[in-house]
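Colleague: I would like a close look at one part of this model, with the surroundings added afterwards as far as they help.

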Amino acid sequence: MSQEPAAEALRAHRWSRRAVLGAGLATGGLWLLDEPAAARPPGDPGAEPLLPGRAFLGSAGPIIDPAFEISPTPDPTALYDVPALSAADARRLAPRRASVPGVTARSQSRAVSGVPFDFSYHPFEIRDLPDTIRPYYLRNPMPLVDTGVHDTSGVRMTLRYGRLYDHPVDQAQYGLALVESYRITGNVAYLNRAKKQAQRLIDRRVGYGGGWFYPYPFRFQLHGSQEIYDPPWYSMMAQGQALSLFCRLYRTTGGARWRNAANATFASFLVPPVAGRPWGVYVVAGRLWLEEYANPKRISGDLTYNGHNFAAFGLWDYWAMTGDERAKVLLQGALTTMRDVYADIRNRHWRSKYCLRHRSDANTYHTIHMTQHIQCYAITGDPVFAQIAELYYADFPPHGVTGSVALQPGRHTGYRFDSAGNVTATRTISLSRRSSAPSAARLKVRRQDGTWYQISAGTLAGYHLKELRQHSYQVGEAAPMGYRILRPATVAVTPLTAYAIDAAGSMRSVVTDYQVGDSVNLDRQAVLNGVAHVRFADGRYPEWWAGYPAVNRS
């Protein structure tokens, strides 16, 4: 069906937070995991305990299926935001010339000592960033009263069939959101709770090869295949997000234990893979991969795109904290992989793939892929990452876009489709005056051209209505994608008309004095009343919009 598959219903109930992408709940009963005695600080006022824990270590328990249930749910608001930059930061972070996918300049074997992997990489510039454009940035604090699943000490857990278990990615992500909320508010309750998440990770660590690894305690079935991961198994996504959390806590508090934890976690990125031992970093076809699903029995994984990219953000945090050249070259290698495999991950005119091994549909992770490329555009200043985000955006709209669809007078036909995009039913209405209908999603349909709205109420409820300029379109600004740093472009047409739009969708225009070839900066792209536009960031017409074809982006 053109609607998201049944898995979407499982995602719908999960707690979501702005910019930090929360980990999903897994199905299947599991034994309770209790926090170690050392990790039992007094509960803070906002943490309402759900269930006490009881100790478990040993029995494998039921299988968890499928993969998306231990990965982050997408939050499209992370894609929308356009943080303000100071003039000095805008100049410092100005983009450079775009690199070329597949073209590398260096080999790690001749680069930095202490990195036990040989891989090709592009020497991307790596930049420190202001708070407002760092990975996991929040504009607004999360609620202090925790409505998510947690244990009696306030540590994030996952609940299934009345049982709790620890989840390292979820704990790290929740901790990152809490640190951000503390940065925004100064309320120490956020910071104290963030420390609890970090301490739980430390208390459950497994030391190997000089590094700390954070185990998953449940059986896992990779993409519903016959490949079963018995616990403990490890994920570089967990390693990377734990590394980010420890770095942020050290940056915030100066506490030596957080720096020590960051050092030990970074050391896990330097552990060569050995079958049956904790591992997560390996080289595949000359590319450095940070494996989200590292097989616990052999050197094999899924080559999962979003998990690799999140793990790379941990390397960036560690480099920003320490300036460590080993972290820098590993990050450059991970970014090179991200850049060079984008075309294999891409599905033209459809959602991208979740991984390269199974090549399964990314579903809502397609939006995460866009967001990650926009973030890497800021980290490197390389426009190639913005270009890739724009390609993915054009292939399939961002997930989670809802709104009111304007229906102009005339005939409107709604369609129902099967999973292959075949029409199974139609309904046509005729309007003598303007009307509207709510849309639950803006998406594409297999084997059908254009963009469609999933109508959720009214005569066309349950049908899909095609987006048609000046006939059926979502009112106002929809599906925005913001750039973290300025996006250079040149004017392509003259005269160029710029537009302003209000929340009700009313637009006004002005004919600009731009000439073909003039340089402009953009900070956002979006669909205004059903038509693609880009927004000027500065210059003579800041925050005015131009039609998408009116400018050329490098």
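How many bridges join strand β13 to strand β17, and do the two run parallel or antiparallel?

Modeller: Two bridges join β13 (residues 410-417) to β17 (residues 464-466), and these strands run antiparallel. Please keep in mind that this is a predicted model, in which local features need pLDDT of at least 70 and side-chain atom pairs count only at pLDDT 80 or more, while totals for chains, interfaces and linings use all residues. Residues are numbered from 1 along each chain as its sequence is written, and side-chain values use heavy atoms, with hydrogens and water left out.

One of the pairs can be named: G414 has L465 of β17 as its bridge partner. Strands are DSSP runs of E with at least two residues, helices are runs of H or I with at least four, and both are numbered from the N terminus; two strands pair if DSSP finds at least two bridges between them.

β13 and β17 belong to an open sheet of seven strands, ordered β14-β13-β17-β16-β15-β12-β18 with antiparallel pairing. At its edges lie β14 (423-431) and β18 (472-474), each of which pairs on one side only. On average, neighbouring strands in this sheet are turned by 40° against each other, direction ignored.

Further along the chain, β20 (residues 497-501) pairs with β21 (residues 507-511) in the antiparallel sense over five bridges, and A498 has V510 of β21 as its bridge partner. The two strands form a hairpin with five residues between them, and in the turn G505 has a positive phi of about 90°. β21 is hardly covered, since none of its five residues is buried, where buried means under 20% relative accessible area, exposed over 50% and partly exposed in between (1.4 Å probe, protein chains only). For the chain as a whole, buried residues make up 57% of the 554 residues.

The helices offer another view of the packing. α8 (residues 305-322) and α9 (residues 325-340) pack at an angle of about 155° with their axes 9 Å apart, the axes being lines fitted to C-alpha atoms over the stretch in contact and the angles running from 0 to 180 degrees between N-to-C directions. The two helices are therefore roughly antiparallel to each other, a term used for angles over 145 degrees. Among the residues that make their contact (heavy atoms within 4.5 Å) are W316 and W319 of α8 and L330 and L331 of α9. By class, the contact of α8 with α9 has eleven nonpolar, three polar and one charged residues.

α9 also packs against α12 (residues 383-395), here at an angle of about 40° with the axes 10 Å apart. L335, M338 and R339 of α9 meet V384, F385 and I388 of α12 in this contact.

Lastly, G301 is found in the loop between β11 (287-290) and α8. G301 counts as buried because its relative accessibility is 7%. Leaving aside neighbours within four places in sequence, G301 is in contact with Y229, Y282, E291, Y293 and R357. The C-alpha atoms of G301 and L290, eleven residues apart along the chain, are separated by 9.7 Å.

Definitions and conventions: Angles under 35 degrees count as roughly parallel, over 145 as roughly antiparallel, 65 to 115 as roughly perpendicular and the rest as oblique. Ala, Val, Leu, Ile, Met, Phe, Trp, Tyr, Cys and Pro count as nonpolar, Asp, Glu, Lys and Arg as charged, and the others, Gly among them, as polar.
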